[in-house]
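Colleague: I have just opened a structure that is new to me. Could you walk me through how to read it?

Modeller: Happily; let us look at it together.

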Amino acid sequence: MQRRIVTLSLIFFISFLLISARLFYWQIISGESLSAEAESQRSDDLVIPAKRGEIKASDGSDLVSNQKAYLVYLEPRKMKNETQTVGSVASILGLDVASVSASINRGSRYWVPIAHAVEEVKVSALKEKNFPGLGFEEEDIRYYPEASMAAHLLGFVGKNAKGGDQGYFGIEGYYDLQLRGRSGYLRQEKDARGIPILMGDQKRVEPEDGRTLVLNMDKMVQFIVEKKLAEGIRKYGAAGGNVTVLNPVTGEILAMAGYPSYDPGYFKSYESEIYKNPIVADSYEPGSTFKALIMSSAINEGLVTPQTSYDEKGPVEIGGYQIRTWNNQYGGKTTMTEVLERSSNVGMVFVSEKLGHEKLFKYITSFGMGIPTGVDLEEESSPAIRPYDNWYAIDFATASFGQGIAVTPIQMITAVAALANDGKLMEPHVVKKIISGSGKTIEIKPKIMRQVISPESAHILSEMMVAAVDHGEAQFAKPKGYRIAGKTGTAQIALAGHYDATKTIASFVGFAPAEKPRFVMLVTLREPSSSQWGSETAAPLFFSIARELFNYYGISPNE
Amino acid sequence: MKINKVLIIIAIILAGLQVFVSNKYNTNSSNIAKLEVQIKDARDENERLETKIASESSIMIINSKAESMGFSVHPPFYYLGQPLPVALSNSSPNLK
């Protein structure tokens, strides 16, 4: 009897020990993970994604918005008829059957993403098939109502290393953090059917949608510019080109177009070399358009006036190099106004000698060369200007007519805008205002960088540029009755340490109406084949766009 | 003694009320789930319509539709440099 009691006690004791050990394991060792597992079974954790901010034109119309799309995925272990499922999915999505089949058979995968950004129509067609193992997940994609319009200005949205959305280039890149917003979070208890329990625990953090950006860009001006640029590229047989229009008084960028361009909605179909905006990322030698800046510097210093003259007898020699005029013709007694009208390199050497090396260098940097303009576009870069001590006499001479110095188109137009704006250099800006999800608006005010030349000097130079248009090589194309200040430019392209005489960058920069400028515009054409001269290619294109802008802004002739 | 009885009755009523309210809320949660689905559908529909409006009012679309309907780009503008000698009637027409 005693023995049986002892045995029973022993069994009880061992059972107690085993149960305690098991409880110890459940509660102490695996307590945390089991608790988390139980929590996951009865609660739902959802990330509420923030909507990426929209981008609008100055009139409030959409340039970039969001559109619902789907990620299509397959779960190979749940699939019943692999051949039929893969065949239908590949056919509806326009994919290669072999590659879809290979992706699901790679190892023992549970979940295989098949395609991102699939449109609703295709998803509806797939849903009708009702294949086991075929699933969909909603995702937002960017929608461009104007298709490829202003692609270089806008940039695009791609994926980052973590698979999340990220803006690249242009506005999307520069304002990525503002546009991205902050995702929200929802944790709630659910019942066995997956329905949320109202009396249960619930924690909700609302998402903060990305901010909306309203641009200074005028959609109509952009449309005109893109249309005319495409026509110009075809007409003059150019390899590329770009046009920028800005408001000289505020620095607002009204239009910006580069060719070749791409469609940001399908950016993967294009070579990545064309993603960068050439207006802010590519440099070129500005050629004779630069003469306006150097001439204004000399006028500002009181060293020359429009009537100052010199005797143009022939080529001049600087540091062992001969500098000639573009047509190798020399006009004898020539005034400063005529130097711009005839675009005389020899005349500009005279001006640079009057100005002196130190002041010439000071004005070049003061006009913003060698320094990024601060435009709100991600890929802006600035070609470096060599330190003053590394310049030789020939460098100062050639810089006076825009050779041997590299600038970006945005630097060039910003500098010329200062001539149209009483000598004040403005920071160019693409975004006009930023609107948060709560409706709070941040206005971007015009920013004056510095006063480069006096208002009087700017007015004198404007008149000289008007004369350069009226009596220069491009006068045939000028719209009659309008006072347009402008300057042509033809710069040879430096290749492997020397200039290629057959390849040029033709350009024209100007503003109108000259007395109260409404816009300043820079047109550049790379390697035009119909003529290498800016006066026969870029200038007519400039005037053709200007004509449309006069109509659009309701500016009547006043001459 | 009397107060105790009242407290017990109140406790019973509150317990009953709790059961009733919990029950009602839990029934409502499926309705709320349905409402949330409807809200999401309405938002999706709004987004679709916004996209459609943006697409239809796009300058590119308007331009191509105008061209297909036979509209042409405006003819060149003509400006009068000086006032022309236009004969105007002394008596203005009655515009009422």
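**Reading the strands, the core and a loop**

Modeller: Let us start with one pair of residues: Asp45(A) stands opposite Arg187(A), which belongs to strand S8(A). Keep in mind that this is a predicted model.

Colleague: How many bridges join S1(A) to S8(A), and do they run parallel or antiparallel?

Modeller: There are 6 bridges between S1(A) and strand S8, residues 184-189 of chain A, and the two strands run antiparallel.

Colleague: What is the strand order of the open sheet in chain A?

Modeller: The order is S1-S8-S9, giving an open sheet of 3 strands with antiparallel pairing. Strand S1 (43-48) and strand S9 (202-205) of chain A are the edge strands, as each pairs on one side only. From one strand to the next, the twist averages 10 degrees.

Colleague: Now the nonpolar core. Which residues touch the most other members of the largest one?

Modeller: First the general idea: in soluble globular proteins, nonpolar side chains tend to be buried together. Here the largest nonpolar core has 120 residues, and those that touch the most other members are Ile171(A), Met295(A), Val416(A), Met521(A) and Phe542(A). Take Met295(A): leaving out residues up to four places away in sequence, Met295(A) touches Met336(A), Leu340(A), Val351(A), Leu461(A) and Met464(A). There is also a second, separate core of 13 residues, with Val86(A), Ile104(A), Ile114(A) and Leu126(A) among them.

Colleague: And how do I read a single loop residue? Is Met217(A) buried or exposed?

Modeller: Count the neighbours: a residue is called buried if 20 or more other C-beta atoms lie within 10 Å of its own. Met217(A) has 28 other C-beta atoms within 10 Å, so Met217(A) is buried.

Colleague: Where does Met217(A) sit, and which elements flank the loop?

Modeller: Met217(A) lies in the loop between strand S10 (212-215) and helix H9 (219-236) of chain A. Setting aside neighbours within four places in sequence, its contacts include Ala57(A), Leu153(A), Ile253(A) and Val430(A). For a sense of distance, Met217(A) and Glu119(A) are 98 residues apart in sequence and 29 Å apart in space, C-alpha to C-alpha.

Colleague: How far apart do the C-alpha centres of domain 1 and domain 2 of chain A lie?

Modeller: The domain assignment places domain 1 at 68-139 and domain 2 at 219-553 of chain A, and their C-alpha centres lie 53 Å apart.

Colleague: Lastly, what confidence values come with the prediction?

Modeller: The predictor gives the complex an ipTM of 0.70 and a pTM of 0.84. Chain B averages a pLDDT of 81, with 76% of the residues scoring at least 70.

How values were computed
Residues numbered from 1 in each chain as written. Chains lettered and ligands numbered in written order. Predicted model: local features only at pLDDT ≥ 70, side-chain atom pairs only at ≥ 80, totals over all residues. Core = buried A, V, L, I, M, F, W, Y, C linked by C-beta atoms within 7 Å. Buried ≥ 20, exposed ≤ 12 C-beta atoms within 10 Å, placed from the backbone. Contact = placed C-beta atoms within 7 Å. Pairing = 2+ DSSP bridges. Helix = DSSP H or I, 4+ residues; strand = E, 2+ residues; numbered from the N terminus. Axes fitted to C-alpha atoms, helices over the stretch in contact; angles between N-to-C directions. Domains from an automatic or database assignment. pLDDT = per-residue confidence, 0-100.
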